[in-house]
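Reader: Hello! Could you take me through one part of this model closely, and then show me how the rest of the chain fits around that part?

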Amino acid sequence: MTSADVAREAGVSRTTVSYVLNETPHQKIPDATRQRVLHAVERLGYAPSATARALQSGRSDVVLCLLPDWPIGPAMGQLLETLSTSLAAEGLTLYAHPRAAGRPVSEVWRSLGPAAVVLWDELDDREVAAMRAAGIAVTVALLSPTGAHKGELLVPQQRIGRVQTEHLAATGHRRLGYAYPDDPRVTGFAEPRLDGVRTACADLRLDVPVVQTVAMTVEAAVEAVRSWADAGVTGVCAYNDDVALAVLAGARAAGVTVPGDLAVIGVDDIPAAPFASPPLTTVDSDQGAIAQYIAALVTRQLSGKPLPPRPGSDVIHLVRRASA
C-alpha cells in the first residue's frame with residue numbers, strides 16, 4: 001500500500017496526501033479534503049514508509065536504545081514504556097535492543113540508521129566515533145561516570161542508597177548491612193546505590209556497611225542474615241525489592257524478627273512489596289520523570305536546544321511500611 005493508493009481512494013493528488021499526513025505548515029487544505037484523506041488512510045490501513053520519511057526529512061525517526069543484558073523488571077518496564085510514549089509525541093520511534101543478543105552493535109545501528117542512540121553504559125570509543133561520523137546526533141552513557149554525558153542517572157542511583165541509609169539511621173540503626181545482588185548484569189545500578197549507602201554512612205558517622213552478596217535462594221539469604229547478626233547489624237539496605245524479599249525469607253527461616261531484630265528496606269516498590277510479611281519499606285523512583293528526562297535529552301540534542309536539567313532529588317522518595 002502506497003500514498004498513490006490513498007490518493008486514488010480519496011480522489012486527491014499524492015502531494016495533498018503528503019501535506020495532510022505530514023501536517024505541512026502554510027498549506028491550506030480544506031477540512032473536508034483532509035478528512036477524506038484520513039478516512040482513506042484508515043480504510044486502506046496505510047502506514048507511511050519510515051525509509052521514505054527518512055529520505056524526505058534527511059533524518060531517521062528511530063531512537064535506538066541499547067540495553068545491557070538486564071533483567072527487565074517492573075521499574076525498567078515502566079521507564080521504557082514512558083520513554084516510548086514521550087518520544088512518540090515528538091515523532092520519534094523507540095527501538096530497544098539488548099546488547100547481548102549475539103548481534104554486533106555496529107550491525108544494529110548501521111541497519112537502522114537511527115537519529116539517536118541511547119546508551120546505558122559505555123561503548124567502545126571507535127564505535128561511538130563511527131556513529132557520529134555516520135551523522136547520528138546523540139549518544140548518551142546514562143550510568144557510566146566517563147561516558148558522553150558522564151553518568152546522567154548516576155546521581156539518582158546514589159540518592160537511592162542515601163535515602164535508605166538516612167531512614168534507617170533516623171530510626172536508630174547505627175550498624176547497617178547491604179544486600180548486594182548475585183547478578184553481575186545489574187552492577188551498573190548496584191554499585192552507585194552501594195556507593196550512596198557508604199557515603200551516607202560516612203556523612204552520618206555510622207560504621208562502614210557490612211556488604212553481603214545475597215543469591216536468590218532461602219539458604220543463601222539465611223547465611224547472609226546470620227552473618228549480619230554476628231556482625232551486630234540491625235538494619236539492611238537491599239539492592240532492590242526482590243533482594244529485600246529474599247532477605248525477609250532468610251530472616252523468617254533463621255528465626256530473626258523483622259523489624260524487631262533486623263530492619264529491611266528495598267528499592268523500586270514492586271507490586272509484591274505491600275504484600276510481603278511484614279509489608280516492605282522501600283525507596284521508589286519516579287520512572288516516568290526519568291523517562292521524560294531521557295526523551296528531552298534526546299529531542300533537545302537533535303534540535304540543537306539547551307539540555308534539560310538533570311532529575312533532582314525529588315524523583316526519589318521513601319515508601320514507609322512495617323519492615324523498617
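Author: Happy to. A word on terms before we start: helices here are DSSP runs of H or I with at least four residues, and strands are runs of E with at least two, numbered from the N terminus. With that in hand, let us take V105, which sits in helix α6. Please keep in mind that this is a predicted model.

Is V105 buried or exposed? Its relative accessibility is 13%, and buried means under 20%, so V105 counts as buried. Setting aside neighbours within four places in sequence, V105 is in contact with L66, R99, L123, E127 and M131. For L123, 18 residues away along the chain, the separation between the C-alpha atoms is 9.2 Å.

Two of those partners, E127 and M131, lead us to the next helix. Helix α6 covers residues 105-112 and helix α7 covers residues 125-133; the two pack at an angle of about 10 degrees, with their axes 11 Å apart. That angle makes α6 roughly parallel to α7. On the α6 side the contact is made by V105, S106, W109 and R110, and on the α7 side by E127, A130 and M131. Sorted by class, this contact has four nonpolar, one polar and two charged residues.

Following the chain onward from α6, we come to A115, in the loop between α6 and β3 (116-119). A115 has 4% relative accessibility and so counts as buried. Its C-alpha atom is 9.8 Å from that of T93, with the two positions 22 residues apart along the chain.

For contrast, here is another helix pair. Helix α1 (residues 3-10) packs with helix α3 (residues 31-44) at an angle of about 120 degrees, and their axes are 9 Å apart. These two helices are therefore oblique to each other, and α1 passes α3 in a right-handed crossing. The residues that meet are D5, V6, E9 and A10 from α1 and R36, V37, A40, V41, R43 and L44 from α3. By class, that contact has six nonpolar, no polar and four charged residues.

Now let us step back to the whole chain. It has 12 helices and 10 strands, and buried residues make up 48% of its 324 residues. Of the contacts between residues at least 6 apart in sequence, 69% join residues at least 24 apart. In soluble globular proteins, nonpolar side chains tend to be buried together. Here the largest nonpolar core has 69 residues, and W120 and W228 are those with the most contacts inside it. Helix α12 (residues 287-303) gives the most to this core, with eight residues.

A buried position elsewhere is T165, in helix α8 (residues 154-170). With 0% relative accessibility, T165 counts as buried. Not counting residues up to four places away in sequence, T165 touches L176, V197, A200, C201, L204, L206 and C237.

Since you work with computed geometry, the backbone may interest you too. Most residues other than glycine have a negative phi, and most peptide bonds are trans. R205 is not a glycine, yet has a positive phi of about 60 degrees. It is found in the loop between α9 (187-203) and β6 (210-214), and at 76% relative accessibility R205 counts as exposed. D268 also has a positive phi, near 115 degrees; this residue belongs to the loop between β8 and β9 and is buried, with a relative accessible area of 18%.

There are cis peptide bonds to look at as well. One joins V258 and P259, with omega about 5 degrees, and P259 is in the loop between α11 (241-254) and β8 (263-267). Another runs from S277 to P278, with omega near 0 degrees; P278 lies in the loop between β8 and β9 (281-285).

Finally, R321 lies in the segment after β10 (316-319). At 23% relative accessibility, R321 counts as partly exposed. Leaving out neighbours within four places in sequence, R321 is in contact with D269, A273, P274, P279, L280, T281 and T282. T281 is 40 residues from R321 in sequence, while the two are 4.4 Å apart in space, C-alpha to C-alpha.

Methods. Residues are numbered from 1 along each chain as its sequence is written. This is a predicted model: local features need pLDDT of at least 70, side-chain atom pairs count only at pLDDT 80 or more; totals for chains, interfaces and linings use all residues. Side-chain values use heavy atoms; hydrogens and water are left out. Axes are lines fitted to C-alpha atoms, for helices over the stretch in contact, and angles run from 0 to 180 degrees between N-to-C directions. Angles under 35 degrees count as roughly parallel, over 145 as roughly antiparallel, 65 to 115 as roughly perpendicular and the rest as oblique. A crossing is left-handed if the near helix is turned anticlockwise from the far one by less than a right angle, and right-handed if clockwise. Contact means heavy atoms within 4.5 Å. Ala, Val, Leu, Ile, Met, Phe, Trp, Tyr, Cys and Pro count as nonpolar, Asp, Glu, Lys and Arg as charged, and the others, Gly among them, as polar. A nonpolar core is a set of buried Ala, Val, Leu, Ile, Met, Phe, Trp, Tyr and Cys residues joined through side-chain atoms within 4.5 Å. Buried means under 20% relative accessible area, exposed over 50%, partly exposed in between (1.4 Å probe, protein chains only).
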